[in-house]
Each structure stands twice: as C-alpha cells, then as structure tokens.
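Biologist: I am new to this one. Please show me how to read it.

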Amino acid sequence: MTTPRAVWRFADWVLSADASGSDPFYVAECTTCGDASEGAEEREAPEIWSLQHAGRTGHTGFRNIVISFSRASLVEGSR
Ligand SMILES: [Zn+2]
C-alpha cells in the first residue's frame with residue numbers, strides 16, 4: 001500500500017494588485033555591462049540614469065524593469 005506524499009485541494013483563486021504594500025517601482029539595466037540604476041517610484045529617475053550612463057560609457061541598450069506586487073486570494077463561495 002502506498003502513502004500519498006501530498007494532498008492537493010483545488011479552489012478558485014484570483015490575483016489582484018496588492019494595495020497594502022509598496023507601489024510599483026522602476027529600474028533600468030544596461031544590456032551591455034549589466035550596471036543598473038537605483039530602484040525608483042517613478043520612471044523618470046531610471047530614464048535619466050540611462051542617459052547619463054550612455055554619456056559616460058557609450059552603452060546604448062537598456063532593459064526597463066517594472067516591479068509590481070500582487071496578492072492571491074480565494075474567490076468567495078468557491079471551495
Ligand atoms: Zn553599461
């Protein structure tokens with residue numbers, strides 16, 4: 001006789017923006033050397049960092065990263 005290792009229960013979950021935590025924040029990362037800006041709460045600071053980095057290094061490619069938070073919750077009435 002085998003013993004189950006885990007029990008999975010299926011239910012309906014929904015994912016929504018997490019308003020209780022931090023606001024989204026933005027980072028720019030150089031695709032040539034991997035250097036990255038500080039995280040910022042608005043897009044402008046990473047964009048300025050990208051332009052300054054391009055001026056200093058001649059690197060012209062950037063990865064724009066937006067980090068946001070979500071929270072999963074059970075749908076009411078589901079089981
Ligand atoms: Zn670079």
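**Reading the chain and its metal site**

Modeller: Of the 79 residues in the chain, 14% are buried, meaning under 20% relative accessible area with a 1.4 Å probe, protein chains only (exposed is over 50%, partly exposed in between). This is a predicted model: local features need pLDDT of at least 70, side-chain atom pairs count only at pLDDT 80 or more, and totals for chains, interfaces and linings use all residues. Residues are numbered from 1 along each chain as its sequence is written, and side-chain values use heavy atoms, with hydrogens and water left out.

Biologist: In what order do the elements of the chain run from the N terminus on?

Modeller: Helices (H or I, at least four residues) and strands (E, at least two) are DSSP runs, numbered from the N terminus. Here the order is β-β-α-β-β. That comes to 1 helix and 4 strands.

Biologist: Which residues are the protein donors of the zinc ion?

Modeller: Donors are N, O and S atoms within 2.8 Å of the metal (3.2 Å for Na, K and Ca). Here they are Cys 30 (SG), Cys 33 (SG), His 53 (NE2) and His 59 (ND1), 2.1 to 2.3 Å from the zinc ion. Their spacing along the chain is C-x2-C-x19-H-x5-H. Cys 30 lies in strand β2 (residues 25-30) and His 53 in helix α1 (residues 44-57), so this pair ties together parts 23 residues apart in sequence. Both Cys 30 and His 53 are buried.

Biologist: What angles occur among the 4 donor atoms of the zinc ion?

Modeller: Ideal angles at a metal are 109.5 degrees for four tetrahedral donors. Four donors count as tetrahedral if all angles lie between 85 and 135 degrees. At the zinc ion the angles are 107 to 113 degrees, and the site is tetrahedral.

Conventions:
Four donors count as tetrahedral if all angles lie between 85 and 135 degrees; four count as square planar and six as octahedral if opposite donors are over 155 degrees apart and all others between 65 and 115; anything else is irregular.
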